[in-house]
Amino acid sequence: MKIIRANIKPFAWGIFWAIFSAAVMAAASLWQPKLLQNVINAIIANNNHKILTIGITLIVIALVGLIAGVLNTIFSAKVAMGMAASIREMAYRKIQAFSFSNIERFSAGSLVVRLTNDINQVQNLIMTVLQALIRVPIMFVGALILALNTLPQLWWIIVIQIVLVMLVVLSTFGRMGRRFGLMQTLIDRVNELAKENLTGVRVVKSFNQENNEQKRFNTVSDKLNDQNIGVGILFSLMIPAFMLIGNMAVVAAIYFTGDIAQTHPGAVAAIASFINYLMQIMFAIINGGMMLTFSARAMVSLNRLNEIMNTEPDIVYKKDVPEQDLTGSVKFDHVSFTYDGDDQPTLSDISFDVKPGEMIGIVGATGAGKSTLAQLIPRLFDPQSGTVSVGGVNLKDVNERSLRKTVAFVLQRAILFSGTVAHNLQQGLKNASIADMDRASKISQAAEFIDRLPNRYDANIEERSSNFSGGQKQRLSITRGVIGRPKILILDDSTSALDAESEKLVQEALNHELKGTTTFVIAEKISSVINANRILVLDNGKLVGEGTHQELVANNHFYQEIYETQKGKGEA
Amino acid sequence: MSDVGRSMRFFYHYLKRYKISFTIVIIAIIVSTYFQVKAPIYLGKAVTSLAKYVFGLMHGVSNKGDFVHFVWLLGLFYFIGVLGTFVMNIAITYITGYSTNRMRRGLFGKLQRMTIRFFDSHQDGDILSRFTSDLDNISNALNEALGEIMANIALMIGILIIMFQQNVQMAWVTIASAPIAIILATFLINRTRKYTDIQQDEVGKLNGYINEQIAGQKVNITNGLQQDSIDGFLPHNENVRKATTRAQTYSGMLFPLMQGMSLVNTAIVIFAGSWIAMNSGMSRAAALGLVVVFVQYSQQFYQPITQISTLYSMFQLAVTGARRLNQMFDEPEEIRPEKGAIIPAGSTSAALNDVHFSYDKGREILHGVSIDVEPGKMVALVGPTGSGKTTVMNLLNRFYDVDSGTVSIDNKDVRQVDMTNLRDHVGIVLQDSVLFSGTIAFNIKYGKPDATDEEMIAAAKQANIHDFIMSLDDGYDTKVTDENSVFSTGQKQLLSIARTILTNPSLLILDEATSNVDTVTEARIQKAMDAVVQGRTSFVIAHRLKTILNADKIVVLKDGNVIEQGTHQQLLNEHGFYSELYHNQFVFE
């Protein structure tokens with residue numbers, strides 16, 4: 001609810017008018033049976049003049065109700081859509097303040113679902129509340145009071161009707177909720193089976209498993225059908241049950257009016273409006289019940305959005321630190337790091353010192369902690385103990401802008417955004433000129449294919465960058481990394497999709513063009529780091545070796561082991 | 001129009017077998033409509049006789065018999081009307097349930113028979129949405145709209161008839177405002193459709209933006225682009241707000257507007273009814289009855305108009321859904337030769353002879369490729385990406401058919417071989433291994449569900465994955481899905497090697513995994529591959545050196561042509577493309 005309350009203020013007038021018009025609508029519906037009763041009284045009294053005035057009142061009130069209904073929709077839509085948009089904006093801003101581990105804890109996919117589906121649910125909820133739910137209590141209380149007022153002797157019929165409707169609602173809605181839960185699980189399962197048959201279509205076909213897959217699917221499909229029919233039967237029972245309760249109340253009301261009329265003849269005129277009020281009471285209960293079931297789903301979504309709002313970014317930069325002129329030195333001092341929910345530390349007690357302009361290679365088996373170590377330098381994560389310093393400044397005291405200007409990080413999996421090539425390159429350097437892009441793309445060896453693109457830097461990158469190959473994406477990603485002339489450049493296995501020739505050219509260009517830049521190269525292949533000033537060897541989160549290639553080959557058995565497996569291939 | 005026609009044929013196809021149920025539905029509708037439209041007459045009569053009885057009492061006459069009689073009849077009519085509705089609902093539930101279940105099963109069955117070409121050229125998400133939203137829309141429409149629309153049309157006709165029977169003047173009064181309501185409804189429906197399209201479009205754009213930005217958040221953070229990301233988000237968000245406000249206003253207005261119209265109409269009926277009753281010299285009791293009855297009719301008459309217009313959009317979605325399912329059912333299926341040749345068991349020869357092939361017309365991928373392998377020998381395919389290595393694999397297993405030339409196994413053209421038999425003989429291990437949801441045992445026994453546990457364990461041992469599986473808490477009963485991360489990429493490939501070993505294929509196609517595998521797993525995969533290749537005819541799409549060294553023949557593909565072939569030594573001595581590739585890739589000092 002917090003997230004809703006925070007957004008009520010700008011929409012206060014819209015909400016007021018929506019509620020007001022809903023109340024007018026309800027009043028118009030409630031008034032009509034009363035007027036019907038008056039007309040009948042007028043008929044009984046043979047009063048022509050009275051019929052005329054009441055008739056006109058009737059039509060005017062109905063028109064007012066209609067206009068109120070239309071206005072209510074307009075205001076409800078305005079408020080619901082406006083609130084949804086501003087909740088979405090709040091959540092999006094919050095997510096942009098998140099650190100990477102905040103995002104990973106939610107998972108990117110889940111955040112997207114929350115920003116889309118969940119907000120959609122909340123938007124529908126607000127719309128329903130303003131359009132219909134507000135009317136339910138007014139109608140219920142109003143119709144109840146008026147019904148008792150009209151024929152007080154028949155109070156017990158109202159009570160019995162309410163009790164019966166409640167019984168039907170309680171006994172079916174609970175059962176339905178359970179079935180809906182089962183249904184959702186089965187629907188998920190149907191999707192899962194269909195999906196894995198799409199991704200695994202070659203496996204299914206090559207193992208001739210089409211018939212078995214069909215059997216597997218049919219079993220689930222049939223179970224889903226059972227649930228569908230189960231829910232259908234409940235509905236088939238529920239709606240006629242409501243109709244029957246309402247109808248029987250009408251019959252009873254008429255019958256017992258016969259007795260009442262013996263002493264109170266006016267009851268004859270009252271019966272028509274009483275019947276209408278009985279119907280209104282019943283529909284109010286049914287609508288209320290249905291909307292509450294529906295809101296239960298939206299409340300889940302609301303909670304999921306509140307989770308975003310209640311999460312505090314776990315990396316916060318100090319606001320009062322002025323911009324700093326950081327050098328390219330990096331220092332790890334007894335750094336240990338454990339991922340959330342892991343019991344094993346990914347990095348333990350790592351210390352090393354890097355001078356500006358050095359090229360550092362980092363090698364080790366998958367899972368040794370290479371990428372994690374690299375991600376601590378641009379402060380994607382904070383270590384649990386020890387300090388990481390860049391340019392002599394502890395990252396916990398660094399100015400965010402200065403850090404971003406100093407460190408460029410090229411990811412293992414190249415991520416490009418849809419838009420133009422220039423748009424993506426300019427993410428590395430705002431307002432980068434063509435000359436900047438030319439320089440950077442020459443270093444990354446991207447110039448070769450960019451020059452062949454029809455519009456060069458204005459060429460379009462499609463969604464999921466499907467119009468570029470893996471190697472091209474990596475080269476563009478490197479271009480984005482070097483375009484801002486960073487003092488520290490981290491290449492996290494960023495050349496894995498390049499062939500040996502291009503990889504060599506990139507390295508040469510880096511050595512030549514970015515002489516003063518401290519470079520970290522993380523690689524699976526030793527050939528990628530062989531020319532580094534120093535190579536750090538990681539094993540199971542520990543720094544187990546440090547030195548040049550020659551030194552490590554001579555006296556580090558971890559390095560020797562990796563080298564042997566790769567060398568073996570080359571010379572066998 | 002043809003769209004609607006085709007959709008109708010689609011529905012007819014699936015619904016025609018429920019003739020008995022439909023007969024029940026129609027009888028139930030007729031019964032319930034009859035009793036529903038008659039009930040207000042008895043309500044009127046009950047009120048009239050109540051009035052008579054009470055007026056009688058005032059004059060000292062007590063004749064309750066008529067009154068009680070009509071009250072009982074009213075109760076009976078209500079009851080039978082409701083019973084009819086109940087029977088109709090139940091029948092519709094069964095029709096909907098079973099027919100959509102058949103659509104779902106049919107769609108899945110169709111998927112199993114379609115060509116690989118279809119799957120390669122369509123997005124998974126698009127195909128999946130036919131299982132979810134399209135089938136859902138059809139099911140909802142059948143469930144809610146089918147019965148409702150039929151019942152409402154019947155109700156409308158029934159009420160029209162009965163109203164004119166009761167009182168022609170009042171009948172005209174009651175239906176006078178209907179044309180306005182219908183025009184309003186049509187206008188709103190058209191508007192809603194137009195703005196819903198715009199809304200979907202804008203929502204799609206916004207979702208796309210959010211998806212891309214959050215997936216790429218690492219780039220945003222490391223480049224300090226958070227504010228830029230927000231700046232890009234705001235206009236999308238604003239567009240969505242505008243579009244949804246419009247669309248929801250129009251669609252939300254339909255119901256209150258129709259209800260309001262119904263209210264206004266009732267007011268008119270009350271007013272006109274009492275006026276007419278007063279001025280036509282009816283008895284007061286009869287006048288009372290007339291007004292009460294037509295108030296009911298006015299409400300009943302507007303109910304179908306409101307219902308049908310709210311159900312219309314649902315109906316539209318179902319038509320679209322049917323069209324999209326039809327598209328799938330119209331796709332060509334794999335051509336399986338009838339009474340195809342059978343390949344005998346044991347290792348077999350295989351050959352490509354002057355094969356030309358293209359995925360898209362006019363863009364040939366293979367330009368006359370010829371490769372042959374003798375029984376039990378191993379061929380390694382090497383070459384840069386896009387050279388056509390994977391295409392060769394696609395042809396051997398008949399995932400695709402050649403444009404010209406022949407692919408043969410055991411000297412038989414694969415197009416003449418019984419397809420099940422062919423695929424029993426050909427085993428493949430894909431570069432991207434796929435797991436199915438289920439236990440590990442289910443996945444290893446996938447190609448041979450009746451295998452014993454001993455056979456399964458033997459295969460897992462050969463594939464070097466047994467020890468890892470045993471280290472899991474539930475061993476072979478561990479549940480896996482393709483997405484959860486019990487297995488690394490490398491381990492997934494080991495598992496799929498075990499799966500292939502178990503089926504004991506006579507011709508093996510291996511596509512090695514390339515990246516994201518550490519050296520230890522790489523060595524395990526190599527050992528497993530050596531084990532499985534032993535004594536079998538095999539094609540290996542090679543990315544690693546070890547494989548190439550052991551091959552009986554290395555075929556170098558480049559741009560869809562075989563440019564070199566021979567053993568490792570022969571090719572090195574030729575100092576050609578292979579030799580250059582070899583030195584560039586693997587010698588680093």
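**View 1. Pairing of strands β1 and β2 in chain B.** In chain B, strand β1 (residues 350-360) runs antiparallel to β2(B), and the two are joined over 8 bridges. Two strands count as paired if DSSP finds at least two bridges between them. His356(B) has His367(B) of β2(B) as its bridge partner. This is a predicted model, in which local features need pLDDT of at least 70, side-chain atom pairs count only at pLDDT 80 or more, and totals for chains, interfaces and linings use all residues. Residues are numbered from 1 along each chain as its sequence is written, while chains are lettered from A and ligands numbered from 1 in the order in which they are written.

**View 2. The open sheet of chain B and helix α11.** The sheet has 4 strands in the order β2-β1-β4-β5 (chain B), with antiparallel pairing. Its edge strands, each pairing on one side only, are β2 (363-373) and β5 (412-413) of chain B. Helix α11 (residues 389-396) of chain B packs on this sheet and touches β1, β2 and β4 (404-409) of chain B. The direction of helix α11 makes about 110° with that of β1(B). Contact requires C-beta atoms, placed from the backbone, to lie within 7 Å. Axes are lines fitted to C-alpha atoms, for helices over the stretch in contact, and angles between N-to-C directions run from 0 to 180 degrees. Helices (H or I, at least four residues) and strands (E, at least two) are DSSP runs, numbered from the N terminus.

**View 3. Two annotated spans of chain B.** An unreviewed UniProt entry annotates "transmembrane region" in chain B at residues including 145-164 and 254-278; such annotations may be inferred rather than shown by experiment. Residues 145-164 of chain B are 100% helix, with end C-alpha atoms 28 Å apart. For residues 254-278 of chain B, also 100% helix, the corresponding separation is 36 Å.

Methods: Contact = placed C-beta atoms within 7 Å.
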